[in-house]
Amino acid sequence: AQSTGRLAAALSAALLLLDQAGTSAWQVWAGGLTLMAGAALLSAWRRKQCWALRQGRSNSPVRCSAAQCGTLAELRRALAASGVDAFIVPSDDPHLSEIPPDCFARRAFLSRFTGSAGTVVVTAEEAFLWTDGRYFIQAERELQPGWQLMRSRLPGVPTLEEWLLSNLQRGQVVGIDPEVHSASFVLDLQGQLEKSGVKLRCLDENPVDNIWGKEQPPLPREPVRVHPPEYAGTSAAEKLAAVREQMKKEGARGLVVSGLDEVAWLFNLRGGDVPQSPVFLAYALVEAESATLFVDVAKLSEEAVAALSEVGVEVRPYNEAVGAVEQFASASVNDDEARRVWMDPARTNYALRRAFVDEGQLVTKPSPVGAMKARKNEAELAGMRAAHRRDAAAMAHALARLEKQVQSDKNLTEVGVDEEVTRCRAEQPGYLGNSFDTIAGYAANGAVVHYRAQSGSASVVGTDALLLLDSGGQYVDGTTDLTRTVHFGEPTAHERECFTRVLKGHIGLATAIFPPGTPGFVVDAFARRPLWEAGLDYRHGTGHGVGAALMVHEGPQGIGQNFANKTPLEASMIVSNEPGYYSDGNFGIRIENLLEVVERSTPHQFGGSAYLGFEPLTLVPIQRSLIDLALLTKEEREYIDGYHAQVRQAIGP
């Protein structure tokens, strides 16, 4: 289109020159017709190339890189050979992890989009990526031509399911890899497609793997270690006993544990198979009198093998998990005594679910392990508090060093910010690594919610814009996650107003008091109200659960606008508090602390139960020069002063 436009501009210029040179009218128009014919031919050629690209049959460099064109072309040929009209590629691995090991990062390989959330659909003619508001800007930057970005939850944008129903005809086939989709997603999609006469087919092999070939990374084999009992607080034997008690109440004789964090927590083990997360690839099958861990035994330390043997856990190869569940399901059908199996459909892949033909064989409730893990015991809370104190000291040093470097004109880049923060954390006792990729976004890059700076393209941090810094650490006793937005110069009035409104929202949630049984979506508005009052908002959740020396993102609890998540906030849970505001092309602001849910003293106790509130775990100063004090109430100013007094007491000299 750009070349055609340039040709049209050349046509106009040529006609003008001919006219000014005194050329006769018919010669002018003859020349014009020749140029117009050339433009038409070029346009037609480009349309043909675009169509050929969508079919996966073009070698033209017009719309995307050769690698991208080739990858899509190979996938489309494989789908055509399998009789599949649309193929879905999610972000997930077989354990439905938020961040999969590199060997399962098929969506990133196919689309080149590196965000943690997104789903791809490829047809014979088109390629789509659905992602949420955290990643709109990032996806626009990373997607190659030939891909269409579907901005989830925006008006007029269909969901993946709606698009399939609207664009596929009766008799056409949607293909999936059953190992990387949750059972609940597949069953729901299957029901919708069947009403329209569209078929859902589970493929025996994932066609993306065949295209990836030898370049696909192998399964990770990082060592598995025992999580120290002084930090675990509860033994694996006690946890198994509690799980079996819940199974007994539900009439289940087996429980399939698929989530990697749940497996690690249940057996008090930690690993390193997932980047920046202390988990390992494994499944577990818990029965009334036994338990089996499906894992690569070569990864287990001698201490881990002994610990598992002590609590009667059998160890079998990782790749035997699906077959073992199928065998258990088959035995359940023929057994006179009911052998119902508890399987969380939202956290278990469909390959495991389809082992059960009879729905009556299943208990399809959320895993009891998730709820137990979310409520921290005293040892876990003590470890988290200690880790946050050390982490706060590291961040105080890092912010001071960064300010000095910027104001000394040291040519500090966003990558340098990441390196300095990581260096300060590494100086702390018990540091194991970062809990996620550091987000250091200066100026317009801060508006990319999950921005990742790269060497060679990272911005230099100066004194004329905001820096959004979101980072966290993994320690032997706890996991941290915090965000601070800072300015090393003089912020504008608009930046201060936006920052202060985000801060007011942060305070609004931090000081909220609510009755027991309150789900996270109910308190979300406390954080958004000051922004809403100015016509502002943000396109991400306000808070997520955090594990104790485990995953930086955990469920089932959360705070946001997901009204389907009715998990109540309970005492001893940990959640983040991270409202923000993002001005595309200008700056990003986010203020994040981790909070412990605690009981609050109130004058009355309606219903006879203690009301709940929050205590901050994160103890890192908030930049005062960014605050517009005129926008704060007396109570909000007192909160900030009290918070900073708490910070000084905890980490001051």
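Before you start: helix axes here are lines fitted to C-alpha atoms over the stretch in contact, and angles run from 0 to 180 degrees between N-to-C directions. Also keep in mind that this is a predicted model.

**Exercise 1. Get your bearings: how many helices and strands are there in the protein, and what share of its residues counts as buried?**

Step 1. Count the elements: you should get 20 helices and 27 strands.

Step 2. Turn to burial. The protein has 653 residues, and 53% of them count as buried.

Step 3. Look at the contacts. Among those with a separation of 6 or more, 68% are between residues 24 or more positions apart.

**Exercise 2. Describe how helix α16 packs with helix α17, and list the residues that make the contact.**

Step 1. Find the two helices: α16 covers residues 378-407 and α17 covers residues 414-426.

Step 2. Read off the geometry. The angle is about 145 degrees and the axes are 8 Å apart. The crossing of α16 past α17 is right-handed.

Step 3. Pick out the side of α16 that takes part: Asp391, Ala394, Met395, His397, Ala398, Arg401, Leu402 and Gln405. From α17 come Val417, Glu420, Val421, Cys424 and Arg425.

Step 4. Sort that set by class, and you get seven nonpolar, two polar and four charged residues.

**Exercise 3. Stay with α17 and work out which strands of a sheet it touches.**

Step 1. Lay out the sheet. It is open, has three strands in the order β15-β18-β19, and its pairing is antiparallel.

Step 2. Mark the edges: β15 (431-434) and β19 (478-479) each pair on one side only.

Step 3. Zoom in on one pair. Strand β18 (residues 473-475) is joined to β19 by two bridges, and Tyr475 sits opposite Gly478 of β19.

Step 4. Now add the helix. α17 packs on this sheet and touches β15 and β18, its direction making about 165 degrees with that of β15.

**Exercise 4. Map the six-stranded sheet and place α6 and α7 on it.**

Step 1. Trace the order, β4-β3-β2-β1-β5-β6, in an open sheet with mixed pairing. In general, strands of a sheet pair through backbone hydrogen bonds, either parallel or antiparallel.

Step 2. Find the edge strands, β4 (148-151) and β6 (199-202). On average, neighbouring strands are turned by 25 degrees against each other, direction ignored.

Step 3. Check a parallel pair: four bridges join β5 (residues 173-176) to β6. Within this pair, Val174 stands opposite Leu200.

Step 4. Place the helices. α6 packs on the sheet and touches β1 (86-89), β2, β3 (127-131), β4 and β5, with its direction at about 15 degrees to that of β2. α7 lies across β1, β5 and β6 and runs at about 145 degrees to β6.

**Exercise 5. Are α6 and α7 roughly parallel or roughly antiparallel?**

Step 1. Take the angle between α6 (residues 160-167) and α7 (residues 183-195), which is about 25 degrees, with the axes 10 Å apart.

Step 2. Apply the cut-off: angles under 35 degrees count as roughly parallel. So α6 is roughly parallel to α7.

Step 3. Add the handedness, a right-handed crossing.

Step 4. Name the contact: Leu160, Glu161, Leu164 and Leu165 of α6 meet Phe185, Leu189, Gln192 and Leu193 of α7. That comes to six nonpolar, one polar and one charged residues.

**Exercise 6. Is Val121 buried or exposed, and which residues is it in contact with?**

Step 1. Locate Val121 in strand β2 (residues 119-123).

Step 2. Check its relative accessible area: at 0%, Val121 is buried.

Step 3. Skip the neighbours within four places in sequence and list the rest. Val121 is in contact with Ala86, Phe87, Ile88, Glu126, Ala127, Phe128, Trp130, Leu160, Trp163 and Leu164.

**Exercise 7. Where is Thr500, and how far apart are the C-alpha atoms of Thr500 and Leu631?**

Step 1. Thr500 belongs to helix α18 (residues 493-510) and is buried, with a relative accessible area of 0%.

Step 2. Compare the two separations: Thr500 and Leu631 are 131 residues apart along the chain, while their C-alpha atoms are separated by 7.1 Å.

Step 3. Leu631 also turns up among the contacts of Thr500 beyond four places in sequence, together with Leu626, Ile627, Asp628 and Leu632.

Definitions and conventions:
Residues are numbered from 1 along each chain as its sequence is written. This is a predicted model: local features need pLDDT of at least 70, side-chain atom pairs count only at pLDDT 80 or more; totals for chains, interfaces and linings use all residues. Side-chain values use heavy atoms; hydrogens and water are left out. A crossing is left-handed if the near helix is turned anticlockwise from the far one by less than a right angle, and right-handed if clockwise. Contact means heavy atoms within 4.5 Å. Ala, Val, Leu, Ile, Met, Phe, Trp, Tyr, Cys and Pro count as nonpolar, Asp, Glu, Lys and Arg as charged, and the others, Gly among them, as polar. Angles under 35 degrees count as roughly parallel, over 145 as roughly antiparallel, 65 to 115 as roughly perpendicular and the rest as oblique. Two strands pair if DSSP finds at least two bridges between them. Buried means under 20% relative accessible area, exposed over 50%, partly exposed in between (1.4 Å probe, protein chains only).
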